[in-house]
Amino acid sequence: MKGLRKYLAPFAPDQSGASAVLSDLGGMIVICDAGGCAGNICGFDEPRWFLKKSAIFSAGLRDMDAILGRDDRLVEKLADAVKKIDVDFAAIIGTPVPAVIGTDYQALKRMAQKKVDLPILTVEATGMEIYDVGEETTWLELFKVFAREALPVEPGSVGIIGATPLEIHSMDAPGQLKEKLQEQGASNVYCYGMEAGIDRVKAAASVEKNLVIAPSGVKAARYLEEKFGTPFEICYPLAGEILTERLEEAELTLEDLAGKKILILHQQVLANSIRQAIRTQPDTDCTVASWFMLKKDFKESHDIHLTEEDQFIEYIQKEQFDIIIGDEILRNAVSDYTGVYMNLPHFAVSGKV
Amino acid sequence: MNREPYSITAGQLAAMGKEQIPPELISNTHLIYSSPATLAFNSPGAEGFGVKRAGLAIPGSVMLLVAPGCCGRNTTLLAEMPEYHNRFFYLMMDETDIVTGRHLKKIPQAVEEICQSLPQMPSVVMICLTCVDALLGTDMERVCRKAMTKVDIPVLPCYMYALTREGRKPPMVHVRQSIYSLLEPMEKKLHVVNLLGYFAHLVDDCEIYDLLGQMGLTKTYEISRCSDFEEYKQMASANFNLVLNPEARFAAQDMQKKLNIPSVELTRLYQLDKIQNQYHIFAKALGAVIEDQSYYDQAKAAVDVFRDAYPDAVFSVGESCNADAFELSLALLRYGFRVVEIFGNPSAENFVYIRKIAAISPETKIYSNLEPTMLYYDCSQDAADITVGRDASYYHPNCINLKWSEDVQPFGYAGVKLLFEQLLAACRRKEESK
């Protein structure tokens with residue numbers, strides 16, 4: 001039945017995606033909730049939160065705040081906190097509560113701007129969308145607010161857009177990506193939101209090109225291309241290494257994939273790049289399926305967007321794949337699948353990398 | 001900008017009085033700082049029992065969470081625990097559901113489908129609702145009744161309304177009412193008593209079982225010790241309820257009205273003399289005499305052994321533990337130890353302890369985990385030797401830490417004894433590791 005999940009817990013929501021983009025950039029993040037959403041975002045979807053301090057707050061909304069639409073109280077609390085905390089910007093991220101009461105984020109932003117002398121971002125997350133929707137909106141808003149100035153281009157420099165713990169295959173990915181790109185000739189590599197801070201976001205116009213490693217970064221990359229003429233490329237350069245590692249774990253070789261019918265379940269850019277690596281072998285029949293964004297421009301005709309658990313179960317039963325590459329937890333829904341299942345962790349799915 | 005966390009000494013706070021608690025210590029006056037120390041506040045289910053786990057306290061129950069996806073996100077971890085396997089299900093809401101309320105029509109069908117998919121019929125289906133339905137004003141009792149006609153087993157609402165957490169009936173109060181609401185009137189048995197308040201049982205060696213036995217109450221029911229639904233239903237035969245956590249007061253009142261079971265409340269304490277007083281007053285009220293001296297002596301011996309080994313121990317006490325941080329701090333001070341910090345949001349009820357803490361140790365600092373300036377708490381400085389509580393351990397990762405937050409609940413003399421035994425073991429481990 002539509003919307004019913006019997007085997008799979010919900011995936012990371014849009015508010016977690018928004019927070020993941022911003023949490024390492026030195027701003028104050030206010031989750032517009034009663035507490036539970038902030039708890040879920042931090043305690044479950046943000047592995048960095050356990051390792052270092054970040055200025056994430058819950059608005060601490062109570063029933064009368066919601067019923068009476070007391071946005072002014074939220075702005076007062078924000079203004080009070082900003083006096084005590086040293087931050088570069090403030091962001092207000094939505095949740096189901098403001099979605100239900102129809103909070104006007106533009107008005108909220110203007111109210112906050114009058115009281116607080118800092119750049120204010122608002123992200124209209126609802127808790128009902130998936131994480132990448134929140135990421136996409138936030139990447140775009142981030143560059144629109146901060147990357148305003150055209151700058152001389154730094155030759156050989158690369159900006160990475162799309163890296164958050166929810167998208168990457170491992171928490172070491174930013175370092176590995178940097179190393180890989182430098183091996184390929186890049187001079188400086190700036191992984192926005194994970195290693196490069198807000199100053200690099202402000203200087204986004206200075207990179208020679210952008211590399212988009214997740215579909216959620218495409219809109220922001222297009223914006224930077226239009227605004228500053230920065231070209232972008234879409235791929236996950238570590239896909240080959242990831243595939244080799246997964247194959248070793250499954251005690252297989254790349255050659256074993258020849259002639260096989262394979263399904264890859266992950267975010268689209270990573271999955272596409274793995275498919276490309278697999279296609280070095282002859283006669284492979286490789287499909288990408290994703291519960292997340294599947295951008296038309298980068299999608300093959302047989303690729304499939306998953307929305308329902310029942311749809312996923314039926315699809316797996318019908319297609320008879322030889323190999324499935326995806327997060328281990330998805331296997332709970334297809335426990336009768338008898339082919340090879342290679343674990344490719346996806347934090348947004350299982351909360352594990 | 002002053003990069004210091006806000007704190008106030010016990011002496012200052014006691015002098016200000018319960019009518020003038022500073023806004024920094026009142027959570028609804030400021031943004032709520034989110035750190036690992038506040039996880040239990042923001043998301044009770046992330047550690048210990050939140051509404052979702054608590055709602056499954058009825059043996060054989062399953063839960064359908066009807067909510068936007070974000071509300072069920074952390075359940076991924078819970079669902080991996082063997083005791084919750086095949087017990088959590090989700091009906092995910094979208095924006096159209098919010099506008100039209102169509103999700104309510106799907107619930108009976110979803111309940112039916114879940115029951116059909118399980119190898120064994122559950123005893124009850126709990127429908128867990130969140131802030132969204134709180135704001136929509138959903139009549140979930142009606143929806144549950146409709147679902148019940150499809151499956152012929154009880155279907156109960158379980159309210160996870162975080163928006164009401166500081167209201168008269170917060171979610172953890174509501175869920176306690178829900179889990180006892182299936183009990184039906186039955187013949188009373190004079191020797192039966194229920195322990196209400198916790199979702200896990202008391203430590204096995206808790207003296208309360210024997211003391212109740214001495215009063216003729218030889219059969220004790222706790223929901224987590226009920227092996228099946230039939231045994232759970234026997235709780236309705238109790239002579240009275242013993243409320244061990246104030247969050248169960250409303251549940252006890254419901255049981256008084258519906259089942260004619262009266263209740264008595266006991267408080268979890270760590271001061272031995274107060275524990276003794278409480279037991280004796282309780283026994284007197286029932287017209288009974290109890291012999292508890294041996295339990296008192298055992299607990300006191302555990303305190304003495306620890307004090308002999310570590311007479312100069314300095315504590316930092318958090319609120320994320322199986323204790324009232326202020327009462328536990330007072331107990332530690334009265335046993336002769338130093339308490340330099342307490343992490344907690346004092347309420348008017350805590351002032352009975354705060355005034356006494358101030359008299360013994362006026363310089364003890366009180367912090368609120370939730371206050372924004374806690375971002376600046378310097379976790380590299382160890383103000384204490386030992387921390388008690390998950391939150392205190394976050395601030396002092398290098399100290400000896402006792403989380404003291406197991407599911408199984410410490411209580412009474414046994415709680416004091418276990419606390420000091422575990423403190424001793426933790427200190428010894430630290431010494432051995434040096």
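These exercises walk through two chains of a predicted model, each with a worked solution.

Residues are numbered from 1 along each chain as its sequence is written, while chains are lettered from A and ligands numbered from 1 in the order in which they are written. Because the model is predicted, local features need pLDDT of at least 70 and side-chain atom pairs count only at pLDDT 80 or more, whereas totals for chains, interfaces and linings use all residues.

**Exercise 1. Describe the overall build of chain B.**

Step 1. Start with the secondary structure: chain B has 18 helices and 15 strands (DSSP runs numbered from the N terminus, helices being H or I of at least four residues and strands E of at least two).

Step 2. Now the size. The radius of gyration of chain B, taken over C-alpha atoms, is 23 Å, close to the 22 Å from the globule rule for 434 residues, so the chain is as compact as a globular protein of that length. That rule is 2.2 Å times the number of residues to the power 0.38. Along the principal axes, the C-alpha atoms fill a box of roughly 65 × 60 × 45 Å.

Step 3. Finally, burial: 51% of the 434 residues in chain B are buried. Buried means that 20 or more other C-beta atoms, placed from the backbone, lie within 10 Å of the residue's own; exposed means 12 or fewer, and partly exposed is in between.

**Exercise 2. Work out how strand 3 of chain B is placed among its neighbours.**

Step 1. Check its surroundings. In strand 3 (residues 61-67) of chain B, 7 of the 7 residues are buried, so the rest of the structure largely encloses it.

Step 2. Look at each face. B:S61, B:M63, B:L65 and B:A67 are buried on one side, as are B:V62, B:L64 and B:V66 on the other. As a reminder, side chains in a regular strand alternate between the two faces of the sheet.

Step 3. Find the partners (strands pair if DSSP finds at least two bridges between them). Strand 5 (residues 124-129) of chain B runs parallel to strand 3 and is joined to it by 6 bridges, with B:I127 as the bridge partner of B:L64. Strand 4 of chain B is also parallel to strand 3, over 5 bridges, and there B:L65 is matched with B:Y90.

**Exercise 3. Characterise the contact between the chains and the strands that cross it.**

Step 1. Count the residues: chain B gives 55 and chain A gives 53. Here a contact means that the C-beta atoms of two residues, placed from the backbone, lie within 7 Å.

Step 2. Ask what chain B contributes. Helix 6 of chain B supplies the largest share of its side, 6 residues. That side divides into 30 nonpolar, 17 polar and 8 charged residues (Ala, Val, Leu, Ile, Met, Phe, Trp, Tyr, Cys and Pro are nonpolar; Asp, Glu, Lys and Arg are charged; the others, Gly among them, are polar).

Step 3. Trace the strands. Strand 1 (residues 4-5) of chain A runs antiparallel to strand 4 of chain B, with 2 bridges, and A:L4 has B:L91 as its bridge partner. Strand 3 (residues 56-58) of chain A also pairs antiparallel with strand 2 of chain B over 2 bridges; there, A:S58 is matched with B:I32.

Step 4. Place that second pairing in its sheet: 5 strands form an open, mixed sheet in the order 5(A)-4(A)-2(A)-3(A)-2(B). Strand 5 (120-123) of chain A and strand 2 of chain B stand at the edges with a single partner strand each, so one side of each has no neighbour in the sheet.
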